[in-house]
Amino acid sequence: MARLDVTEVFANIRLPGHLHTQESLRFASNFQFHSSDVLLVTYPKSGTTWMQEILTLIYSNGDLKPVKTLPNWARVPWLEHIYFQEQLQHIGHPRLFTTHLPQPVLAPALKKAKPKVIYATRNPKDVVVSYYHFQRMANFFPDPTSFEDFLHEFLAGTVHFGSWFEHVQGWLRCPEELGVFCITYEELHQDLKSCVEQLSAFLDHPVQPDQIDCIQEHCSFAVMKENDMVNGRLIPPGIMDFQKSQFMRKGTVGDWRNHFSPKQSMLFNEKYQQEMGDHSWPFRWDMA
Ligand code: PPS
């Protein structure tokens with residue numbers, strides 16, 4: 001199923017047809033969760049793969065076998081992907097899932113079963129940079145003409161997966177509605193140990209000190225970059241072109257400073273203020 005040039009439109013957002021069909025998207029939106037399920041929600045490029053690795057190791061109690069033998073998409077599959085129904089047959093318990101879908105699509109299903117929901121988010125200036133490079137390498141996205149054009153599309157919310165602002169607002173404006181636990185990419189960077197402890201408390205799954213050490217080591221950028229189960233190397237070159245960029249690209253905070261002009265930064269900040277300025281959010285980013 002290549003469908004590299006196909007775009008599906010669902011709930012007013014555009015999604016790569018390589019990974020999604022109307023049927024797979026409907027299946028996700030009607031999915032029957034169990035209260036024991038764990039759902040990781042992200043806008044693309046916000047720390048999804050990192051969190052998938054952390055969650056896997058929390059639930060394996062530090063056993064490295066799953067992260068070394070199974071790709072992330074088999075351990076913490078995306079609800080909306082075309083492979084999901086098949087993957088569901090092989091997944092263990094508790095079931096760990098991922099989604100990039102917006103809140104209104106999943107809220108009815110989540111309200112019925114109340115699984116544990118984790119929303120991972122990242123400074124949107126770094127998201128747009130990471131997303132730009134990802135679109136250059138992933139052939140299931142249109143090739144961005146320039147960073148300037150891509151930035152404008154990102155701010156207008158016309159990129160694949162829709163508006164970053166709507167995504168974050170949908171999931172985090174009333175996090176108590178679905179019991180959402182919010183964590184940021186920057187917090188993971190700053191203090192992974194404390195993040196693991198907070199996740200362990202939220203998930204009600206204890207982790208021992210030696211397991212935390214193991215998670216810190218195996219979820220470092222350097223180690224994950226070499227792990228073929230997460231670094232994109234399992235994906236054929238016709239689908240992801242590693243000559244153009246890397247999936248594990250830089251893994252830093254603040255790379256936007258190497259990409260944004262002062263004018264682009266100002267434009268971004270204006271839009272950010274306009275969209276997000278009226279609310280107190282569970283994150284603060286260095287945007288200046
Ligand atoms: S995707 O395609 O939505 O699943 O991408 P996602 O995993 O959300 O985001 C990819 C970015 O996360 C970085 N990454 C990490 N940073 C630090 N430490 C670890 N362990 C780590 N794992 C993944 C990855 O490098 C992408 O960011 P950029 O800025 O492009 O390097």
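Reader: Which helix gives the most to the shell around the ligand?
Author: Helix 2, with three residues. Keep in mind that this is a predicted model.

Reader: Which helices each supply at least two residues of that shell?
Author: Helix 2 (48-59), helix 7 (124-137) and helix 13 (221-226).

Reader: How many residues surround the ligand, and which are the closest?
Author: There are 22 around the ligand. Thr48, Thr49, Ser130, Tyr185 and Lys250 are the closest.

Reader: What does the shell look like by class?
Author: Nonpolar residues number 10. Polar ones come to eight, and charged ones to four.

Reader: Which side chain has an N or O atom 2.9 Å from an oxygen atom of the ligand?
Author: That is Arg122. The protein also buries 97% of the 640 Å² that the ligand exposes when taken alone.

Reader: And backbone atoms? Which residues have a polar one 3.1 Å from a ligand oxygen?
Author: Ser46 has a polar backbone atom at 3.1 Å from an oxygen atom of the ligand. Gly47 has one at 3.1 Å from a ligand oxygen as well.

Reader: What about the pocket, where does the ligand's space rank?
Author: The space taken by the ligand is the largest pocket.

Reader: Switching topic. How many aromatic pairs does the structure hold?
Author: It holds 31 aromatic pairs. One of them is Trp164 with Tyr272.

Reader: Is that pair stacked or tilted?
Author: Tilted. The rings are 6.2 Å centre to centre, with 35° between the planes. The tilted label follows because planes under 30 degrees apart count as stacked and those over 60 as edge-to-face.

Reader: Where in the chain do Trp164 and Tyr272 sit?
Author: Trp164 is in helix 9 (residues 164-172). Tyr272 is in helix 14 (residues 262-276). The two are 108 residues apart, so the pair links distant parts of the chain.

Reader: Now the backbone. Which residues does a cis peptide bond join?
Author: His93 and Pro94, with omega at about -5°. Pro94 is placed in the loop between helix 5 (84-88) and strand 4 (96-99).

Reader: Which residue has a positive phi although it is not a glycine?
Author: Asn12, with phi at about 70°. Asn12 lies in the loop between strand 1 (7-10) and strand 2 (13-16).

Reader: Why point out a cis bond or a positive phi?
Author: Because most peptide bonds are trans, and most residues other than glycine have a negative phi.

Methods:
Residues numbered from 1 in each chain as written. Predicted model: local features only at pLDDT ≥ 70, side-chain atom pairs only at ≥ 80, totals over all residues. Heavy atoms only, no water. Near = heavy atom within 4 Å. Polar contact = N/O pair within 3.5 Å; in protein donor to acceptor, adjacent residues only side chain to side chain. Areas by Shrake-Rupley, 256 points an atom, 1.4 Å probe, with all protein chains shown as cover. 1 Å grid on protein atoms, 1.4 Å probe; cavity = no way out; pocket = protein on both sides within 12 Å on 5 of 7 lines; lining within 4 Å. Sits in = over half its atoms within 2 Å of the grid points. Helix = DSSP H or I, 4+ residues; strand = E, 2+ residues; numbered from the N terminus. Nonpolar A, V, L, I, M, F, W, Y, C, P; charged D, E, K, R; others polar. Phe/Tyr/Trp six-rings, centres within 6.5 Å; stacked < 30°, edge-to-face > 60°.
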